Amino acid sequence: SRGIDWLKNYQTLQIAKLRHAEMAPKADPWKSHADNMDACVFQVLADVGVMDHAMRDYLYRDRDHLSIYGKALYGLGLQCRGEEEKLSMIMRNLSQYVVQDEENQSAWLNMGNGGYWWNWYGSEIEAHAAYLRLLCTVEPKGQLASRLVKYLLNNRKHATYWSSTRDTALCVEAFSAYLSASGEDRPDMTVTLAYDGQMRKHVRITPDTLFTCDNTFLLTGQEIDGGKRKLVISRTGNGPLYYTAYLSTFTLED
């Protein structure tokens, strides 16, 4: 509660600065537009039920001054308080930065942050995580959200995490929101793997076994013959199926 009070006082001071800038002549202290920190504070306060309409309107007025990350945070705050009209505009603004890769079935945001990438609001990973959380509230089962998940997964810098504990935590939070909103945390399916026409794996996946099922199929040594091999993955039931193939370096000879 003390943290919320501090943020409310901070926001009140920023609103006063913005109002001072509208005076003639300007009164000290003043600032010309709402910024990314204002968007961050606005989102946190909106998440706990605090909405200042003056800051809401200043951020909307000055949305072109916000980074992509700032726009996503502002959008999350608007969504928390049911500001559908303004949220719709922010979603349209953000969609202008979306790039889709049809071949890889992934999507990302063209950040264009060459001049401020080192600032917190220039973080590529955090911005994508915030945008994914926003999509989870607006269109969780849309194609864009799933493609954004794939982009983030493919762009881990260290195999199991991203650049820091901070952006990794934000990605995990966004993925959790996506799993819940899209229904992917409630699978009910059976997966079979056939290798050269012979069934080699049969797995039942439900909400109870989502994180404990045997999800690895490993072939080593003499199990791999020369020539072309065929692996067929089949699914019955409900829920999406993701797979990743890892191939060690070796030579096959007929």
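**Exercise 1.** Determine in which sense strand 3 and strand 4 pair, and over how many bridges.

*Solution.* In this predicted model, strand 3 and strand 4 form an antiparallel pair with seven bridges. To locate the register, take L193, which lies opposite K201 of strand 4. Next, follow the chain through the hairpin that these strands make: two residues separate the strands, and D196 adopts a positive phi near 55°.

**Exercise 2.** Describe the pairing of strand 3 with strand 5, and state which residues of strand 5 stand opposite M189 and T192.

*Solution.* Strand 3 covers residues 188-195, and its pairing with strand 5 is antiparallel, over eight bridges. Within this pair, M189 faces G237, while T192 is set against S234.

**Exercise 3.** Assemble the sheet: give its strand order, and explain why one side of strand 4 and of strand 5 is left without a neighbour.

*Solution.* The three strands form an open sheet with the order 4-3-5 and antiparallel pairing. Strand 4 (198-205) and strand 5 (231-238) occupy the edges; each has a single partner strand, and therefore one side of each has no neighbour in the sheet. On average, neighbouring strands here are turned by 15° against each other, with direction ignored.

**Exercise 4.** State how many residues of strand 3 are buried.

*Solution.* A residue counts as buried under 20% relative accessible area. By this criterion, seven of the eight residues of strand 3 are buried, and the strand is mostly covered.

Technical notes: Residues are numbered from 1 along each chain as its sequence is written. This is a predicted model: local features need pLDDT of at least 70, side-chain atom pairs count only at pLDDT 80 or more; totals for chains, interfaces and linings use all residues. Side-chain values use heavy atoms; hydrogens and water are left out. Two strands pair if DSSP finds at least two bridges between them. Helices (H or I, at least four residues) and strands (E, at least two) are DSSP runs, numbered from the N terminus. Axes are lines fitted to C-alpha atoms, for helices over the stretch in contact, and angles run from 0 to 180 degrees between N-to-C directions. Buried means under 20% relative accessible area, exposed over 50%, partly exposed in between (1.4 Å probe, protein chains only).
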